[in-house]
Amino acid sequence: MLQQPRPHLARSAEAVTLACVSFGAVVAGCAAGAVGPAAARGANHSRVGVRVSARQPGDDILARTDGLVPISDGVRGGAAGAGGLSLIVEPTQGLAAIDGDVAAARRSVDVTMYELDDATFEAALVADARRGVRVRVLLNGGYYGRGGFSANDAATSYLRAHGVRVRASPSSFALTHQKTITIDNKASLVMTLNLTSRYYATDRDFAIADTRPADVAAIERVFGADWSDKQISPSAGTGDLVWSPGAQNELLSLIAAAKTSLEVESEEMDDSAITSALCAAASRRVHVRVVMTYDDSWRDAFATLTACGVQVRTYAQDAALYIHAKEIVVDDREAFVGSQNFSPTSLEANRELGIITANPQIVTQLAQTFAADDNGATPYNT
């Protein structure tokens with residue numbers, strides 16, 4: 001779904017003061033403070049305009065979450081103790097920690113992002129570049145590289161004007177919808193969220209901090225290829241990374257493996273193979289539940305799912321919570337989190353990235369979050 005152009009906050013390199021940050025660890029009682037034009041961002045968390053249900057397949061609506069994980073040294077240690085992965089649930093957590101980690105980068109910051117419009121984050125990238133950190137930002141450049149994606153224009157202009165290297169995504173993909181930040185080649189954030197500050201307070205989103213060397217190396221290798229507009233066959237890293245193009249079969253296999261339960265959250269439901277797989281699971285008496293924000297675009301899919309025994313519950317477009325996350329929890333033992341929506345283009349034509357994990361802590365957190373979202377939604381009636 002293509003976004004309408006929206007006004008951007010004024011930016012300046014001095015717009016943000018990152019205080020009390022030490023290698024990404026935010027000291028108690030301290031936070032990133034905004035001054036000057038950026039002070040407005042805290043008051044800009046309400047919905048602006050109307051969500052657009054365009055039929056440009058594979059394109060999601062804007063993400064709105066409030067933060068990412070601190071992947072500072074302390075958190076890296078904790079993530080390593082949990083198998084190298086840790087989960088961030090939004091909109092519960094704030095962005096100050098990741099801003100601090102970016103500000104404390106020692107060697108490099110590589111960002112792949114569908115949409116970037118966050119004055120605080122952008123100022124942190126500028127500060128890095130000024131002190132010699134290699135900063136590279138790869139932004140979605142429009143459908144098959146044809147341009148016309150104005151949502152990134154302001155960020156691109158600001159970053160380039162202040163010494164940050166920015167490139168548009170390769171034309172070989174329908175869209176670059178991947179949302180990843182890698183710091184110092186040591187830790188990567190694999191996210192369902194965009195960095196769009198005006199929407200941080202309302203979206204359900206997830207991010208996984210990954211410190212597994214094989215995963216980080218695989219993510220960086222793909223970044224390097226996409227940055228240089230070269231073709232590559234992405235590696236699954238430790239075996240958990242799910243790349244698009246080519247994600248559909250992996251997600252179908254995940255759904256087919258369910259024996260007792262499937263819990264699904266997504267922004268889009270527009271892939272007939274996924275819908276059929278969910279129905280097939282319901283037919284073998286798997287308890288299948290889907291929670292989404294309602295949109296007329298998914299009405300046919302919702303009708304199909306409810307008719308085959310899938311429980312569908314929805315939120316209104318103007319509800320306090322917007323479901324932007326993309327997750328599948330299988331039998332409370334395994335889960336997928338990623339940027340992929342359930343549409344053919346997202347799974348097979350976009351550049352996207354997700355993770356499948358059996359980490360018990362992460363799976364439990366995802367299941368608990370789903371239960372809360374399911375409880376707050378309304379049963380869908382055709």
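In which sense do S11 and S13 pair, and over how many bridges? I began my notebook with this question, and I found that S11 and S13 pair in the antiparallel sense, with four bridges between them. I should write down at the start that the model I am looking at is a predicted one.

**Entry: the whole chain**

Before going further into the strands, I looked up the totals for the protein chain. Its secondary structure comes to ten helices and 22 strands, and of its 382 residues 58% count as buried. I also looked at contacts between residues at least 6 apart in sequence, and 78% of these join residues at least 24 apart. The chain exposes about 13,500 Å², of which carbon and sulfur atoms supply 52%.

**Entry: strand S13 and its partners**

I then returned to S13, which covers residues 203-210, and noted that eight of its eight residues are buried. In a regular strand the side chains alternate between the two faces of the sheet. In S13 I could follow this residue by residue: Asp203, Asp205, Ala207 and Ala209 point one way, while Arg204, Phe206, Ile208 and Asp210 point the other way.

Which residue of S13 stands opposite Ser188? I found that Ser188 stands opposite Asp210. Strand S5, residues 85-90, also pairs with S13, in the antiparallel sense and over six bridges, and here Leu87 has Ile208 as its bridge partner. With strand S18, residues 322-323, the pairing is parallel and rests on two bridges, and Arg204 stands opposite Ile323 there.

**Entry: strand S10 and the hairpin**

Next I followed S11 to strand S10, residues 180-183, since four bridges join the two in an antiparallel arrangement. One of the bridge partners I noted is Ser188 in S11, which goes with Thr182; this is the Ser188 that stands opposite Asp210 in S13. S10 and S11 form a hairpin with three residues between them, and Asp184 in the turn has a positive phi of about 60 degrees.

I also checked the side chains of S10, where Thr180 and Thr182 point one way and Ile181 and Ile183 the other way, and all of them are buried. S10 pairs with strand S6, residues 108-113, in the antiparallel sense over four bridges, and Val111 has Ile181 as its bridge partner.

**Entry: Glu265**

Is Glu265 buried or exposed? I looked up its relative accessibility and found 0%, so Glu265 counts as buried. This residue lies in strand S15, residues 261-265. Leaving aside residues up to four places away in sequence, I listed what Glu265 touches, and among them are Arg204 and Phe206, as well as Ile323, Lys326, Phe342 and Asp373. I also looked up Asp205, which is 60 residues from Glu265 along the chain, and the C-alpha atoms of these two residues are separated by 9.7 Å.

**Entry: helices H2 and H8**

In helix H2, residues 96-103, six of the eight residues are buried, so the helix is largely enclosed by the rest of the structure. The buried residues are Ala97, Ile98, Asp99, Gly100, Asp101 and Val102.

In helix H8, residues 299-307, I noted Ala301, Phe302 and Leu305 as buried. Why do they lie on the same side of H8? They do so because they cover an arc of only 100 degrees around the axis. The face turned away from this buried side carries the exposed residues Asp300 and Ala307. The cover over the buried residues of H8 includes helix H7, strand S16 and strand S17. After H8 comes Gly309, and its phi is positive, near 100 degrees.

**Entry: rings**

My last look was at the aromatic rings, for which the count comes to six pairs. The rings of Tyr294 and Tyr380 have centres 6.0 Å apart and planes at 20 degrees, so I noted this pair as stacked. Tyr294 is in the loop between S16 and H8, and Tyr380 is in the segment after strand S22, so the pair links distant parts of the chain, 86 residues apart. Tyr294 is partly exposed, with a relative accessible area of 23%, whereas Tyr380, with 13%, is buried. Ring pairs link these two tyrosines and Phe302 into a cluster. Finally, I found the charged end of Arg136 sitting over the ring of Trp227, 5.7 Å from its centre.

Notes: Residues numbered from 1 in each chain as written. Predicted model: local features only at pLDDT ≥ 70, side-chain atom pairs only at ≥ 80, totals over all residues. Heavy atoms only, no water. Buried < 20%, exposed > 50% of the residue type's maximum accessible area, 1.4 Å probe, protein only. Contact = heavy atoms within 4.5 Å. Areas by Shrake-Rupley, 256 points an atom, 1.4 Å probe, with all protein chains shown as cover. Pairing = 2+ DSSP bridges. Arc of directions from axis to C-beta. Phe/Tyr/Trp six-rings, centres within 6.5 Å; stacked < 30°, edge-to-face > 60°. Lys NZ or Arg CZ within 6 Å of the ring centre and 35° of its normal.
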